[in-house]
Amino acid sequence: MAEFDAVAVIEASIAKLADKFEEAQSAWQSAEESERKQIETELEDIKKQIKGLTEAATSRPSVPGVEVAAPGEKNTAGRKFSFGRMAKLLCGTASGDDPEYGYEMEVNREAEKALDKPGDDYTTFKTAINTGTDSAGGFFYIPHEVQSTLVPYLESQEIGIDLGVTVINGLVGNVSWVVDEGVPVAYYVDTEGEESVTESVNTFSNIEMRPRVLAAAVPLSWGMQHQPARAIDTWLMERIGRQFALKEDNVLFNGTGAQEPLGLLNHSGVNTHTWTATVRFGDATNRQTVTNELRLQLKAIADQNALPFNGGRLGWATDTNGYFAFPQVQDDRALPIFVNAGDAPLNQLFNYPIRYSTQLDSGDNTDQTLLVGD
């Protein structure tokens, strides 16, 4: 490797400026008085540049307090710092155990001590050219650059809105609904005889809901807010909004009613159906049991006169275990009965949409939750 000769580069720059100086001086002598002042100013600027480069060539431009060696000079008793020897260390073509390179390592270790180390975790900013050892460049701090694209956090998906949950906008304060609990009684009467008609009237109840406050607080330092890699404020608002949506979806199913809305799984008014048999989805002999149990879930809705004959907004919700189990149910020919072979993941179950959420995972691989409703 050719040794980098910083002094030679500076001297070449001085020579170029000197030639320019002579040309400018000749032009000044032959120019008119109006032009001489302008050229004279340029000459003074060139002089200052030459002076600065000359001082740099005879001093230590980037290693304060350390004498820089001449090109090719060995690091003997003179103990002079060589940029060329340092470059060989960084590139791994020389060993730090070699006495010839010992002074370069010593200088860099001293420079390392003088750096402002960002807290106890400063070693995370420390890297090496080839390896993590000092002799291969580990004693240099190389600033890291934060990329504008974040590695995304993998999280659940909200499914309630997709399945048709009714959203009412523009509400302020408490809101109430009147519920029709009963209807007039109809019966036949004898039109020929004298008969008194029994009166009957509707009965009503009231459902009242009050606002539940959903909040998230994230402290931000001044430095983080001014991180140039990305707009932190915009990103944070997107992340909080995303977490709001997931929390609402989770409460829709699992809400306890304490400080948060009451969820479907904890609501006393929701019919449930427990499957009567243990089903192994990959076993073709269970196909009839699976389809029968699914129909019984729909029957639980029909028994309450709540099954919409026109399709309504009925939908299925389950966890990942349930969702990926249904495509395994086979017929007598070992073909899936709920999907077509080679199709994408399951989209419908008995012509109604089905969605899954990891927020419905119970942690029990043998006992899953499957919800269906309008």
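1. The Glu260–Lys247 bridge. The side chains of Glu260 and Lys247 meet in a salt bridge, with 4.0 Å from N to O. Lys247 sits in helix α7, while Glu260 belongs to the loop between α7 (232-254) and α8 (287-302), so the bridge ties together parts that are 13 residues apart in sequence. Burial is uneven here. Glu260 counts as buried because its relative accessibility is 18%, under the 20% cut-off. Lys247 is partly exposed, with a relative accessible area of 37%. Keep in mind that the model is predicted.

2. The Asp162–Arg355 bridge. The whole structure holds 4 salt bridges. One of them joins Asp162 to Arg355, whose closest N and O atoms are 2.6 Å apart. This pair links distant parts of the chain. Asp162 is in helix α5 (residues 160-163) and Arg355 in strand β5 (residues 352-356), 193 residues apart. Asp162 is partly exposed, at a relative accessible area of 47%. Arg355 is also partly exposed, at 25%.

3. The Lys299–Asp303 bridge. Another salt bridge brings together the side chains of Lys299 and Asp303, at 3.0 Å from N to O. Lys299 counts as partly exposed, with 44% relative accessibility. Asp303 is partly exposed too, with a relative accessible area of 47%.

4. The main core. The largest nonpolar core has 17 residues. Among those with the most contacts inside it are Leu294, Trp316, Phe326 and Phe338. Leu346, Leu349 and Ile354 belong to that group as well. Three elements give two or more residues each: α8, β5 and β6 (370-373). Helix α8 supplies the largest share, 4 residues.

5. Ile354 in detail. What does Ile354 touch, leaving aside residues up to four places away in sequence? Its partners include the core residues Trp316, Phe326, Leu346 and Leu349. Thr318, Tyr323, Asn347 and Gln348 complete the list. Apart from the main core lies another, of 6 residues. Ile159, Phe253, Leu360 and Leu371 are among them.

6. Aromatic pairs. The count comes to 5 aromatic pairs. In one of them, Phe324 and Tyr356, the ring centres are 5.7 Å apart and the planes stand at 55°, so the pair is tilted. It links distant parts of the chain. Phe324 is in the loop between α9 (320-323) and β4 (348-349), and Tyr356 is in strand β5, 32 residues apart. Phe324 counts as partly exposed at 44% relative accessibility. Tyr356 is likewise partly exposed, at 34%.

7. A second ring pair. Is the pair of Phe338 and Phe350 tilted or edge-to-face? It is edge-to-face, because the planes stand at 75° and the cut-off is over 60 degrees. The ring centres are 6.1 Å apart. Phe338 lies in the loop between α9 and β4, and Phe350 in the loop between β4 and β5, so the pair ties together parts that are 12 residues apart in sequence. Phe338 counts as buried, at 16% relative accessibility. Phe350 is partly exposed, with a relative accessible area of 26%.

8. The ring cluster. Ring pairs link Tyr323, Phe324 and Tyr356 into a cluster. Tyr323 also touches Ile354, one of the residues with the most contacts inside the main core.

9. Surface patch. Which residues form a nonpolar patch on the surface? They are Ile168, Leu171, Trp177, Ile207 and Met209. Together they have about 450 Å² of accessible area. Met209 lies in strand β2 (residues 203-209). It is partly exposed, with a relative accessible area of 45%, so Met209 clears the patch cut-off of over 30%.

10. The chain as a whole. There are 9 helices and 6 strands. The chain has 374 residues, and buried ones make up 24% of them. The exposed area is about 25800 Å², with carbon and sulfur atoms supplying 52% of it. Of the contacts with a separation of 6 or more, 59% come from residues 24 or more positions apart.

Methods:
Residues numbered from 1 in each chain as written. Predicted model: local features only at pLDDT ≥ 70, side-chain atom pairs only at ≥ 80, totals over all residues. Heavy atoms only, no water. Patch = residues over 30% accessible without salt bridge, like charges linked within 9 Å, V, L, I, M, F, W, Y side chains within 5 Å. Areas by Shrake-Rupley, 256 points an atom, 1.4 Å probe, with all protein chains shown as cover. Buried < 20%, exposed > 50% of the residue type's maximum accessible area, 1.4 Å probe, protein only. Core = buried A, V, L, I, M, F, W, Y, C linked by side-chain atoms within 4.5 Å. Contact = heavy atoms within 4.5 Å. Phe/Tyr/Trp six-rings, centres within 6.5 Å; stacked < 30°, edge-to-face > 60°.
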